Amino acid sequence: MSTNQPVSFQVYDHRGMPVPPTWGRYRQVDQVINTFAAAGTILERDVVDLHLLETVDKAACSLLRDQWTDNFPIAAYTELLTTIAALRSVLGYAPTPTPRDVNAWAQGVRDASAEASGLNRDFHEVQIVEGPHRGALLGVWGPKEAPAPDALPGPIYRLELATECGDSTDMTFGTAFYKRLKRPHPNSGRWEYMLDREQPFPAEGSRPHFLPMPDQGGRA
């Protein structure tokens with residue numbers, strides 16, 4: 001017996017999220033383009049995804065930078081990341097890190113540094129001053145013994161942080177290698193990290209990758 005109900009052909013992605021029909025997505029992208037144009041930013045259709053990803057990059061690193069500052073209104077970065085994640089999900093783009101993902105990533109860096117530093121360790125506030133993660137402030141552990149005769153004790157000597165490049169149609173992944181300076185900054189007292197000149201530099205256009213890598217069963 002017919003129920004006269006329409007048949008649903010809804011398609012879902014690997015996260016179980018509904019994928020908008022192609023015709024609907026085109027219209028939604030046009031709405032996004034028009035909104036940015038009204039604000040003075042002109043975007044072509046094929047760069048909307050990338051523009052949103054680059055905004056996520058700036059907001060995430062700003063969140064990691066300013067959440068260490070007393071009374072700083074970090075709610076703006078939190079809401080911006082959440083809004084972009086919602087928008088990119090509606091548009092059917094690749095998974096987008098939320099503020100919780102960014103903070104979980106920072107916690108993962110801290111936990112990995114603690115494991116690498118052994119039991120006799122100290123906690124440090126560090127800043128990345130160049131490369132894809134530039135601006136981020138992190139809590140990092142380090143052994144109480146100096147890593148070399150001419151160096152001071154401090155946070156772990158090197159950081160290897162995941163990067164991504166491209167957009168939803170062609171996303172590639174890599175690693176940014178950082179090495180801390182020999183002494184903390186004389187004014188802030190923070191240890192700073194620069195790109196390790198003894199390692200390959202990140203690919204041009206690389207951004208921090210805040211989600212689990214695809215081969216780890218994560219959302220990416």
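Select glycine 118 to begin: this residue lies just after helix 4 and takes a positive phi of about 80°. The model is predicted, and the angle is a computed value from it.

**Helix 4**

Next, select residues 99–117, the extent of helix 4. The helix has 19 residues, and its first and last C-alpha atoms are 27 Å apart, close to the 27 Å expected at 1.5 Å a residue. Colour its buried residues: Pro99, Asp101, Val102, Trp105, Ala106, Val109, Ser113, Ala114 and Ser117. To see what these buried residues pack against, display helix 2, helix 3, strand 3, strand 4 and strand 5.

**The largest pocket**

Keep helix 4 in view and add a surface for the largest pocket, whose volume is about 430 Å³. Its lining comprises 19 residues, and those closest to the pocket centre are Trp105, Gly108, Val109, Glu160 and Ala162. Two of these residues, Trp105 and Val109, also appear among the buried residues of helix 4. Which element supplies the largest share of the lining? Helix 4 does, with seven residues. Select strand 5 (158–165) as well, since both this strand and helix 4 each supply at least two residues of the lining.

**Helix 3**

Move now to residues 75–90, which form helix 3. This helix of 16 residues reaches 22 Å from its first C-alpha to its last, close to the 22 Å expected at 1.5 Å a residue. Show the side chains of its buried residues, namely Tyr77, Leu81, Ile84, Ala85, Arg88 and Ser89. They cover an arc of only 135° around the axis and therefore lie on the same side of helix 3. Rotate the view to the face turned away from that buried side, where the exposed residues Ala76 and Glu79 are found. Returning to the buried residues of helix 3, display helix 2 (48–66) and helix 4, against which they pack. Finish this stop at glycine 92, just after helix 3, where phi is again positive, at about 80°.

**Strands 3 and 4**

The last stop is a pair of strands. Select strand 3 (residues 121–128) together with strand 4; they pair in the antiparallel sense over seven bridges. Which residue of strand 4 is the bridge partner of phenylalanine 123? The partner is tryptophan 141. Finally, isolate strand 4 (residues 137–143): five of its seven residues are buried, so the strand is largely enclosed by the rest of the structure. Strand 4 is also one of the elements against which the buried residues of helix 4 pack.

Conventions:
Residues numbered from 1 in each chain as written. Predicted model: local features only at pLDDT ≥ 70, side-chain atom pairs only at ≥ 80, totals over all residues. Heavy atoms only, no water. Helix = DSSP H or I, 4+ residues; strand = E, 2+ residues; numbered from the N terminus. Expected span 1.5 Å × (residues − 1). Buried < 20%, exposed > 50% of the residue type's maximum accessible area, 1.4 Å probe, protein only. Arc of directions from axis to C-beta. Contact = heavy atoms within 4.5 Å. Pairing = 2+ DSSP bridges. 1 Å grid on protein atoms, 1.4 Å probe; cavity = no way out; pocket = protein on both sides within 12 Å on 5 of 7 lines; lining within 4 Å. Points joined across faces, edges and corners; volume = space filled by probe spheres on them.
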